[in-house]
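User: I'd like to go through the labels on this one and see what backs each of them up. Can we start with the charged pairs?

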Amino acid sequence: MNALSDLVSVRAWVDEARAIAVLTGAGMSAESGVPTFRDAQTGLWATFKPEELATEAAFRANPAQVWDWYASRREMMKDVRPNAGHEALARFQQRHPGRLTLITQNVDGLHQAAGSVGTLSLHGNIFDDVWLDPCMGAPGCGGVCAVSRAQPGRPPACGDCGNLLRPGVVWFGEMLPAVALAAAEDAAQTCDLMLVVGTSGAVWPAAGSAHTARHNGARVVVINPQPSELDDAAHALVRATAASALPALLAD
Ligand code: APR
């Protein structure tokens with residue numbers, strides 16, 4: 001089946017589908033100028049070591065280095081805009097309320113910026129700050145560190161107990177947000193079509209939702225210009241980019 005016929009047959013599956021789940025990864029935002037993680041040469045992990053920048057241990061070992069790296073990514077992401085793929089998903093949700101559940105591994109907030117509703121963010125949001133530890137109970141804190149009292153720094157720290165602020169993303173080895181994960185699992189179990197867009201499928205449990213969908217009888221479609229680790233879970237492979245395929249598949 002070549003890409004063209006896949007688009008046509010997948011389009012028919014979209015029209016037939018009662019409940020659609022969409023799982024997106026970094027490739028979804030590539031055409032907005034956000035680097036992916038594992039693309040050769042251009043992916044972040046081609047230049048940086050995830051174990052030195054995206055784990056709690058790395059942050060505790062060198063908070064300034066990790067904070068600076070996220071600060072540089074935030075700076076870059078501040079100016080990116082949703083692409084035609086993000087917009088096609090948001091418009092489909094507006095036209096067909098409750099019919100499409102969006103599950104993302106992305107921390108860039110571009111689905112939300114495009115107007116998507118109820119986006120299940122499995123890996124957090126890079127623009128959020130959260131406290132590294134529970135409050136260390138200094139008298140000034142009253143048991144809860146206040147961001148408003150944080151002392152500037154790389155990273156900022158609680159002025160009372162010294163607790164550090166960290167980016168609100170899920171690092172390797174950390175638990176995913178339980179509510180979003182449970183809702184994503186439910187969407188994967190109950191959908192009759194899952195579109196897997198712009199992910200290598202290298203990271204679990206997010207990648208597992210494609211197998212869950214297939215296991216529960218849904219049709220699974222992978223949209224990715226390159227082979228991915230989820231191709232074997234797919235009924236159709238669309239070798240195209242997110243911003244080119246999604247408008248064609250989701251337009252009314
Ligand atoms: N459209 C669709 N897919 C694309 C595009 C595009 N324009 N450009 C690249 N891709 C595909 C690549 O072929 C690759 O398979 O997107 C995928 C990106 O894969 P990764 O870089 O591994 O990103 P992702 O799957 O989201 O990574 C999962 O790993 O590093 C962690 O927490 C991070 O959420 C991330 C998780």
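Analyst: Sure. In this predicted model, the side chains of D15 and R11 meet in a salt bridge, with 3.1 Å from N to O.

User: Why is the D15 and R11 pair called a salt bridge?

Analyst: The cut-off is 4 Å between a side-chain nitrogen of Lys or Arg and a carboxyl oxygen of Asp or Glu. D15 and R11 are at 3.1 Å, N to O, so the pair qualifies. In general, side chains of opposite charge can pair when their charged atoms come close. As for where they sit, both D15 and R11 lie in helix α1 (residues 3–16), four residues apart, or about one turn of the helix. The structure holds twelve salt bridges.

User: On to the ligand. What makes the A26 contact a polar one?

Analyst: A polar contact needs a pair of N or O atoms within 3.5 Å. A polar backbone atom of A26 is 2.8 Å from an oxygen atom of the ligand, so that pair counts. Two side chains pass the test as well: E31 has a polar atom 2.9 Å from a ligand nitrogen, and R38 has an N or O atom 2.7 Å from a ligand oxygen.

User: How much of the ligand does the protein bury?

Analyst: Taken alone, the ligand exposes 740 Å², and the protein buries 92% of that. The ligand sits in the largest pocket.

User: Which residues come nearest to the ligand?

Analyst: Of the 22 around it, those are A26, F37, R38, T199 and S200. By class, the shell has eight nonpolar, eleven polar and three charged residues.

Key
Residues are numbered from 1 along each chain as its sequence is written. This is a predicted model: local features need pLDDT of at least 70, side-chain atom pairs count only at pLDDT 80 or more; totals for chains, interfaces and linings use all residues. Side-chain values use heavy atoms; hydrogens and water are left out. A residue is near a molecule or strand if one of its heavy atoms lies within 4 Å of it. A polar contact is a pair of N or O atoms within 3.5 Å; within protein, one must be able to donate a hydrogen and the other to accept it, and residues adjacent in sequence count only if both atoms are side-chain atoms. Accessible areas come from the Shrake-Rupley method with a 1.4 Å probe; for residues, only the protein chains shown count as cover. On a 1 Å grid over the protein atoms alone, a cavity is a set of points where a 1.4 Å probe fits but cannot get out, and a pocket is an open set with protein on both sides within 12 Å along at least five of seven lines; lining residues have an atom within 4 Å of a point. A molecule sits in a cavity or pocket if more than half of its atoms lie within 2 Å of its grid points. Ala, Val, Leu, Ile, Met, Phe, Trp, Tyr, Cys and Pro count as nonpolar, Asp, Glu, Lys and Arg as charged, and the others, Gly among them, as polar. Helices (H or I, at least four residues) and strands (E, at least two) are DSSP runs, numbered from the N terminus.
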